[in-house]
Amino acid sequence: MRYIFFILVFLSAVGLVYAQHTGKKAYTATIDEDGVQRIEMTGGEYYFEPDHIIVTVNKPVALTVKKEPGIVPHNIVINAPEAGMNVRTKLANDAQVIMFTPIKIGTYPFICDKKFLFFKSHDEKGMKGVIEVIE
Ligand SMILES: [Cu+2]
């Protein structure tokens, strides 16, 4: 019984350290005077930064994306047409702006769906994130 207690304490400590190490802050888009919510995002091996963005429903989003320099190709895919977000854009070293308007509250994943031969896909390696659409 005592051992189980120690194991539980140990596991919670490990979990806490892990959460602190991987915990990233959500980025909330600010709405500019022209009503557009602007966000800048970078993709690379194998992440998006930020990987959690919060936007307001029914307001246009200008998402500026660029790729970390390197030879590995990346893209961003948001497959949520029901929520007004249907994006598939190849990331380039130069920043480019993707425009969309989220029309439904909820949390929607975005990923890089690139994959090299039999290796794991980029989203499986952590190149993914979520868009949270709020009121
Ligand atoms: Cu990728």
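Two strands pair if DSSP finds at least two bridges between them; strands are DSSP runs (E, at least two residues), numbered from the N terminus. The structure is a predicted model, in which local features need pLDDT of at least 70 and side-chain atom pairs count only at pLDDT 80 or more, whereas totals for chains, interfaces and linings use all residues. Residues are numbered from 1 along each chain as its sequence is written, and side-chain values use heavy atoms, with hydrogens and water left out.

**Stop 1: the open sheet**

Select β1 and β5, which run parallel and are joined by two bridges. Within this region, Thr-28 stands opposite Ile-54 of β5. Then extend the selection to the open sheet of six strands, whose order is β1-β5-β11-β10-β7-β8, with mixed pairing. Its edge strands are β1 (27–28) and β8, each of which pairs on one side only.

**Stop 2: β3 and its partners**

Select β2 (residues 30–31) together with β3; the two run antiparallel and are joined by two bridges. Ile-31 has Gln-37 in β3 as its bridge partner. The β2–β3 hairpin has five residues between its strands, and Gly-35 in the turn has a positive phi of about 85°.

Add β4 (residues 47–49), which pairs with β3 in the antiparallel sense over three bridges. Here a hairpin joins β3 to β4 through two residues, and Gly-44 stands opposite Tyr-47 in β4. Finally, add β6, which runs parallel to β3 and is joined to β3 by seven bridges. Thr-42 has Lys-66 in β6 as its bridge partner.

**Stop 3: the nonpolar core**

A nonpolar core is a set of buried Ala, Val, Leu, Ile, Met, Phe, Trp, Tyr and Cys residues joined through side-chain atoms within 4.5 Å. The largest one has 25 residues, and those with the most contacts inside it are Leu-63, Ile-76, Met-85, Phe-100 and Ile-131. At least two of its residues come from each of β3 (37–44), β5 (52–56), β6 (61–67), β7 (75–80), β8 (85–90), β9 (96–100), β10 and β11.

Centre the view on Leu-63. Leaving aside neighbours within four places in sequence, its contacts (heavy atoms within 4.5 Å) include Ile-39, Met-41, Ile-53, Ile-76 and Phe-100.

**Stop 4: the copper site**

Select the copper ion and its protein donors (N, O and S atoms within 2.8 Å of the metal, or 3.2 Å for Na, K and Ca; water is not among the atoms, so sites may look incomplete). These are His-74 (ND1), Cys-112 (SG), His-122 (ND1) and Met-127 (SD), lying 2.0 to 2.6 Å from the ion. Their spacing in sequence is H-x37-C-x9-H-x4-M. Cys-112 and His-122 both lie in the loop between β10 (106–111) and β11 (128–134), 10 residues apart.

Why is the arrangement of the four donor atoms irregular? They subtend angles of 85 to 138° around the copper ion, whereas four donors count as tetrahedral if all angles lie between 85 and 135 degrees; four count as square planar and six as octahedral if opposite donors are over 155 degrees apart and all others between 65 and 115, and anything else is irregular.

Colour next by relative accessible area (buried under 20%, exposed over 50%, partly exposed in between; 1.4 Å probe, protein chains only). Cys-112, at 0%, is buried, and His-122, at 4%, is buried as well.

**Stop 5: the aromatic cluster**

Select Phe-116, Phe-118 and Phe-119, which ring pairs link into a cluster. Rings of Phe, Tyr and Trp (its six-membered ring) pair if their centres lie within 6.5 Å; planes under 30 degrees apart count as stacked, over 60 as edge-to-face and the rest as tilted. The structure holds three aromatic pairs. Phe-116 and Phe-119 form a stacked one, with 5.8 Å centre to centre and 5° between the planes. Phe-116 is exposed at 53%, while Phe-119 is partly exposed at 38%.

Technical notes. Helices (H or I, at least four residues) and strands (E, at least two) are DSSP runs, numbered from the N terminus.
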